[in-house]
Structure formats: C-alpha cells, structure tokens
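Here is a short note for a colleague opening this entry for the first time. Please keep the structure in view while reading.

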Amino acid sequence: MSSQELPPGWEAQWHAEHQRYLFIEVETGQTQWEPPTQAYGDPESQGQHPPEGDLLSPGTPSHPAHAPKKRQYAAGQSQAYYGTPEPSYGDFGGGAAGGGYYGGGAPGPGPAGGAGGGFFTPGLAGEQQGFQQQQQQAPYYGQQPPAQPSPSGAGGAGWYGANPSYPSNPLAGPPGQETYGAAAPGAGYGQPGVGALADQFSQMGMGGQKPFALYTTNLLQTPPDPLDLMKPPPEIRLPPGASATNSPYANADPSYTRCTLNAIPTTSSLLSKCKVPLALVITPHRSVPSTATNADGEPLAGVDPADEPVPIITDQVIPRCRRCRAYINPYVIFIDGGSRWKCIMCNVSNEVPAEYDWDRTTNTQIDRWSRPELNRSVVEFVAPTEYMVRPPQPPVYVFLLDVSPAAVQSGMLATATRTILENLSRIPNTDGRTKVAVIGFDAALYFFSLTAPANPAAPSAAQDEGEDGENAEPQPPQEEPEPEINMMVVSDLDDVYLPRPNDLLVNLSESRKPLESLLERINDMFASAIGGIPPGMQGAPQGPSAMGPALQAGYKMISPIGGKLIVLSASLPTLGAGTLKDRDDPKLFGTTKESNLLQPAVPFYKTFAIDCSRSQVSVDMFLFSSGYQDIATLSGLPRYTAGQTYFYPAFNAARSEDAIKFAHEFGEVLASPIGLEAVIRVRASRGLRMTSFNGNFFVRSTDLLSLASVPVDQTYTMEVVIEENLSVPFVVFQTGVLHTSCFGERRIRVVTIALPTTSSISEMYASVDQVALATVLCQRAVERSISHKLEDARDAVTNKLIDIMTAYRSSMTAGGAGAASQLAIADNMKMLPVLMLGLLKNTGIRASSTIPSDLRAYAQALLTSLPPQMVIPYIHPNFYSLVDMAPEAGTVGEHGIIMPMPLPLTSERLVRHGLFLIEDGQSMFLWIGRDAVPQLVQDVFGVERYDLLQSGKITLPLLDNDFNQRINAIIAKTREMRRGPYWPHLYLVKEDGEPALRQWALSMLIQDRSDQTPSYQQYLALLRDKVNGSGY
Ligand SMILES: [Zn+2]
C-alpha cells in the first residue's frame, strides 16, 4: 500500500512478522492495524469512508461486515471459536481480567500507548509541537515502509529500477563484467554531481535535523503492549546531506547493526548522567533468505531491502583512510572537485584512486555515484592479495561422531550420519575444494580412510605406517561390493596421533562415494558391536567417551588449514584429555554456590580453544546426553572459537519430533554459508573507543576479534566509551569483517552506521533503542552470573533499571504532588521493565532451586549469542489466543502467513474453553483448556475429546478443515520467521495435564508471579519504591 492511497498524515509500515501493515499517524505517532479512514485533525472528514477496498490490502483486517461466518462450538459461550469481528487483541470478552492490573478493560486496538498513561514531560515544551494532542498518545518514530522507495529516490526509478543486478556471487561471471559503474544513467540516488557536492558541504554541521521529542509514560498506568516490540527503533535523524548520495540505504538496517542510543551524547558526563549504557549490537553476517532473490541471485521486487544479498564489489579498488584505516562509505566528503575524500571518522583527506571512476577491464567510465559502497551501508569488497597471509583456505568439516552405545541406542548416530548424507550437496563447495573427514570415538578413536582406492583389490595400507602404526589395528573390510572402508582404531589416548595422516581428510567431491558409503554403514558397524539393539531403545549407559582425544585428533588433522570441527556427543567426556566429572549437585541449585556449576570445571576447553582460534579452527558442539554433560564447560569451546552449542536433552530418535528437530538444525548448520579465518574490528569517529566485547569469539588484541569461522545470525555486542568530547553533528561506526568466503575468496564485509550527536539528555532518552539495550543487558547479565554469582547478575539487572529510571525521573520529570504514584520512563523504553523481568525469569538467570545446570548453561549460551530478533522472544515470548484470533490469521496474506495478534504475557488471558500458543523461538506450547469443546479438539487434533489428548511433544496432524490448517500455518511460520537454524519443538499442554510441562509453559507468561520471581505488577511496585525512595 503506498502512501498515496492513505489519508493525508498517515503512513503504512509493513510488518513482516505479522504480515500486515501497521498504520501510523505521522503527527501523533498513533499506530493502528486497521486502515485509517480519515486524515488527522480533519474534522470535516469525520464519517467519510474511502472507496470500499481501496485502502485494504489483502493482508489487512477485513471490515467487520466481511468477517466469515462464525462457527459456534458451545452453546452459551460468549466467544466464538474463531472469527471475532474485531482483531482479537484486547478483545477479552469475559470478566476474568476484572479487577486485575488491567482494570476496566484491556487496551483496545487503538493507540499503542493507550489508556492515557502518558504524561507530558515538563521543561520540554519548546521541543514539542502540538503536545496537547500528543500527550495522550505514544509517539511513533516512523520509518519508511521497507518495500517502498524513498522520496529521495525521486528523479529516477531508483536503485532497483535502474540497476537491479547485484553480482551476489562473484563466480557467476568474471569480475568487471557486472560492475556498478556500467549502470545506466539515473541509477544512483540523487545523482549529486558537482552541485550536490556543494550542497553536501553547505548542510554539514548545520544541525538541520529535526530534534527528537521525548514522551514520558507512567508505567503504573500503561500495561506492556507486545506490539511495541515490533516497532522499528527510534529513527536515526541525520543532518540533511550527511550521506554523499542521499541513498535511503546509506544507514545500516537494525538487523546488521543497532545502537542502544540513536543519538550519541557529545560528552561522557552526559552519557553517565543518563545511565543508559552506550553499546553496539552487531550481526555482520546475518542470513538473507533464499526467497529474496531469483535464480540468478538478483533481488526480487518487493523484498525487504534488509533481506537482499549484500552487494559484492569485485573491482578490487578498496579506498581506505590512510590514517584510521576506515573503509570508504556513504558518509565521506568529497573535496577538491571530487579528487579527494575526507574521512568522516578522523577528518584526514585521502586521494580518490583513479580506478575509482574507471573500469580497467572494460575501459569504461564508472559512475561514482552508483558505486554500492557510497549508497549502501552493508557491502562486501573482494580483497586483493595484500589482505591475505596465505591463499584462501577451503571449507573444511571434520565430524567427530560419538559411536558409544548411548549414541547408537538413542538414534543419535543414525540420525547424524543420515543428516550429513542428505546434506552433502548443501555443504558449501562451490569451487570443489571442500574437505571432509570423519572420526569416531567411544573408548577409542576410529579413523576412516576415505580416498577412493585406485586399485579396489588393495586393502588397507595401515601396516605400512611405520612406528606410528603399531597401535593401529586395521579392521577387515565389510563383505559388501560397495567401496571399501578402512577403519583404523587408535586406543592410545595419551598421545593422540593420526594413523594415516594423508588420506583421512579428503576432498568432498573426489571422495564422495566412499564418504557416502561410510555414512550409510557407520551406525550398523557400531550397532552390531553392542549386540544390535535397535536405535531408539533408551537406557544404554553413558560413555566411555574419549571426546577430548578426538578433539585433539581433529585439531591435528586440520590445524595447518583451519576449518570446522563438528562434535556430536551423547556422553560426558570420561577418557583422556578434557575428562569431566558429573559435578551437578542439586543441593547447590538456588544457593550462592550455584554459579560454580556454571564456570568451567577444567581449563582444557579454554586452552584448547585458544589453540584452535590461533589455527583458525572453529568448534560446534551438538550435545545429546540423557544425563549430565557439563555444558557449562563444553560450551566454552564454541564460545572462544566462534562456534555454537546445540543441546538436545534426552534425545531419542524413536520420537520423530526429536529426529526432525535435530536433523533440521544440523542440516541448516551444514548448509549455511560460513566465513572463515576472520577478524572483526569496529572503528568509530574520533573520540569514541570500543571496549568490553561480548559474544562467541576470541579477543586477539585490544579491539581485534578473532573468529575462526563467522556463523550466520550470531550477534556480538560491545560498549562504547566517549574519550573526547564530540564536536561533530554525527558520528560513524564501521564494522569491518575480513574473512574468507566459503567460495574461496578473501573478502571484507563493511557495515557502516551513522548516528547524530546530541547534547540534550531528553534527545538521548528519546533515542533509546530498547531492543538493542535489552540485547546488551542479556549478554552482560550472563557474563556477570559467571564471573560473580547468579544473584549478583539478577541484582545488576534490576539496579540498572532503577538507575536509569531514577536518572530519568530527576532530569526529565517534575516532582511534587502525585510523583510518588508514578513510575516514569521514556515512551520508547516502556517495554524495558517487562523485558528485564523476562530476563530475570529466563532459565539462564532465574532464581530457582530446580534448574539443572546443563539447561542453565545452554540458555546462557543462547542469551549471549542470539541476534535481537531471537533473543527478544527468548526473554519475552509470544502468546496468542487461537480460538478467537482474527479471521485472516493463519491465512496467506500479501507476504505470507498472517500471524494472530500477540497477547500480554499473563495467565489472566487463559480461558478454560480456549486454545493458546506460547512460543519463545526455542519451544512452542499449544495450551488447551479443560473445557475445550469436542468439536475444537476434533478439528485441531483429530481426536474425539479433550480427555483422550496426550500431553507432550507432538506433531500437529494436517486435517481437512480450515481451522486446523490455519494453526498448522501459524506453527510453520513461527518456526521460520526469525532466521537461524532453530526448529522449536511443539508441546501439547493440557490445563490439567502433566504438572512439570504445564509449569514450564506457564513460566513463559512472565507477567505472572511464579516460583521466586515477582509478577510484573509487583516488579513495578519494587521499582517505584526504589526510584521514588532514592531522592532526586
Ligand atoms: Zn580516517
């Protein structure tokens, strides 16, 4: 829907997760899901309606009159099974919520801030226009709808129209054939030309940008609205002309980089006064959906620009600042008639290389203004040889497979090998250089020679290996006509060696046949050794497990090249290096000693990780134990080697749900395009310095992060120190990721974000990005829980909130009568308390005496690595009522499946005849009330009555009715909408079913009081008392 179709004063913002437009009244910031029918402040348009259908996109809610027929499932129930005429958000029919926190009625589908909870911030009237109207409403710092070209693209078809072809894959054609410079005239934004250069100067430093207006919300009167989390961060308001090209894509999409403050304080004293940490959240290697491009890798029309592949610059001209080494970017200033550029970070002027405007390959002029690095905040340069210390390494994957009885009997080994087999063609191998190896381990190590034998009659050559070979016992080949598999057993675990150093790590393409043959047979080989117990029969004793020696062997094999060790283990390591003990002690849970269980038990995994990092070896851990596995210790290896930990507690492949989840996640990891041998450095404008880095990497020197691999969709955070007062109108942060692509090229991904500076504390508060801030505070809390105690980490979270709100109260609000009954916070931060309450209730941090250490440690690994779009639901889950969701929910809209409206996270919304979905991105719960009518049970589950339903992990059947199909669609959408490899389990939770499962599901309703944690109301009361009691 374009803005021309809207009444004046309205904008439409496409909301990908909900697959519908959010309508924003620009003047007031009011948001709503229904298409607006009148212009703001235009009384004459009262009652006028636009032509029917004109405003309605396929994805927008229908007018009540068009709602499909309701279907009554129970006589006397006021709520229909589905198809309420109004969007269900806030439509809480019964009186169950009466007298509760939400008082006389839940917020309706109107303004996001709702219910008059806002009050005006005194002393700021000069900055606010029309505040009389605005004070009732939440502001909305709207952005352009992503799919729409910006007005600044006027004067041409815009970037996409004129030059849609990014050579996303440099192998698609020789470099230079698809240079950007060859674009037709009109390709770039704004076509600045010489005159524009002057414009750029004249507008610099004039501070022409609109100031932020701050709106204060009284939290005590404003219940949290989950829709607030779906708004974009506060707008980044740069001075006009800040970017050399005026491209709407000159600033980074929040999915790549976001900052806790979208207006940077000019002094460090101002920063410390506001108490909000200044920190960056970067996800430089975020995934892009394959559906965003056509078969040639070109972006499809209508795709969210953030989802487009990153433009690749192949001409090897990489202008960098000679002083600070920043890469050229949209914010540089061209001077001296365009022959020099001034670095925006350090002000030094640099020469523009002659090649910058001239394509040497085709001998044609390049239009500088269409160069992606001057138009796009995220680009990738193909690096010339000076960026290499050695030729680009090939992708290398070594699978360390637990072949112990526990691994066989849980079905882990069979599922793992089948998944590798099925994904061999998805493993990055474009240039045919990818190498693989398989090492098995239980009480011994098993190596497999995978070279296709030139002479099939020749058996193993292991006997010829000299002194190292004496412990290697070649196994007689199996009696099949398939390629032979030479397995060598090494049982000396103290001094691990490779029995055949040269043909264990093989080329994936050349040795595909023997590899396939091995993967098909390896499970049977070890299953027969334990008496042929069929997979899925749980109960085999754990171990013995020589996982540490297996890691050492894998390291030995690939350390000259680098690459990935992928460990799949079903037991605690019990033999050789890295042996761990079962130290889990429930008596310590909930005590001050509990954090000891979250610290590494032995130094091996950290020191080994440092060796790995130095040799460009990254480790992923897939852990499956039915008992304690010491994830706290093992996860250190992925953490410092830029890998990831995956956990499948009590895995049993006999349950198809377990097999599907693991196979999906493992398959996605195998198929994902990784970067290798990487270093990340973030540069910033003079006066700013990066410090306190968090995430999965190794800090090599003060600010250089070393990553043996760069997985997609992992997030890193770092704090920013203001060392000198800032006298510039805006600052720039630039992330450079030097890496080897899995296509065999050395590349530099550059992500640039520009942010205005401010000396106004109110602007700072108004610019807080609460999602970025919550992401940073999650990482900090976990770090503190390990370095100190869990309790300290929890206290620090609450104290940070109190600090921020106390500072806010003293600088932004008037005290006096009634102040004690208020709890004030900037409107754009009003979800922060509920997010922090969610963090305090997350498995990783929660005060509890019943959480096994492995579950805690795994949750902590997620909290410190997930990108914002996944960590936010992980601490603040989504909760939907399915019986009364809007009729379009679960159907296919303009851009995919339309999701229902999220409800506040309180069990007050649960009703006995209802069906609800609660999900946090890692698990999903279908909660069904005990009075659910038989027709509903039949329609959704294909089962006659409620009492016949079985709680637990389920796969929802696909039935021949509309309601079932809509719920299936919502579940499928939930699993795919956030990027990343995760495949959440679906659990059926009966209201009167298994207590532990019920409790788990209900623990996601974080506004309720639970266990040892307060309800949201109680938490606010605590905050209010601290904030108001602290004086100002
Ligand atoms: Zn510079």
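The points below cover one pocket and then the packing of three helices.

1. Start with the status of the model. It is predicted. Please read each point below with that in mind.

2. Look at the second largest pocket. It holds about 1300 Å³ of space. Its lining counts 47 residues. Nearest the centre of the pocket lie Thr-843, Arg-846, Leu-855, Ser-923 and Trp-1000. These five are a good place to centre the view.

3. Several elements give two or more residues to this lining. The helices among them are α13 (656-671), α18 (853-863), α19 (868-875) and α22 (995-1002). The strands are β38 (952-953) and β39 (985-990). Which element gives the most to the lining? Helix α22 does, with 5 residues.

4. Next, the chemistry of the lining of the second largest pocket. Its residues divide into 23 nonpolar, 12 polar and 12 charged.

5. Domains matter here too. The lining of the second largest pocket takes at least three residues from domain 1 (396-456 + 481-591 + 610-671). It also takes at least three from domain 2 (877-1005).

6. Now turn to helix packing. Helix α15 spans residues 770-787, and helix α17 spans residues 832-840. Their axes come within 10 Å. They cross at roughly 25°. An angle under 35 degrees counts as roughly parallel, so α15 and α17 are roughly parallel to each other. The crossing of α15 past α17 is right-handed.

7. Helix α17 has another partner, helix α23 (residues 1016-1029). Here the axes are 11 Å apart, and the packing angle is about 110°. Angles of 65 to 115 degrees count as roughly perpendicular, so α17 is roughly perpendicular to α23. What is the hand of the crossing of α17 and α23? That crossing is right-handed.

Note on methods
Residues numbered from 1 in each chain as written. Predicted model: local features only at pLDDT ≥ 70, side-chain atom pairs only at ≥ 80, totals over all residues. Heavy atoms only, no water. 1 Å grid on protein atoms, 1.4 Å probe; cavity = no way out; pocket = protein on both sides within 12 Å on 5 of 7 lines; lining within 4 Å. Points joined across faces, edges and corners; volume = space filled by probe spheres on them. Helix = DSSP H or I, 4+ residues; strand = E, 2+ residues; numbered from the N terminus. Nonpolar A, V, L, I, M, F, W, Y, C, P; charged D, E, K, R; others polar. Domains from an automatic or database assignment. Axes fitted to C-alpha atoms, helices over the stretch in contact; angles between N-to-C directions. Parallel < 35°, antiparallel > 145°, perpendicular 65-115°, else oblique. Left-handed = near helix turned anticlockwise from the far one by under 90°.
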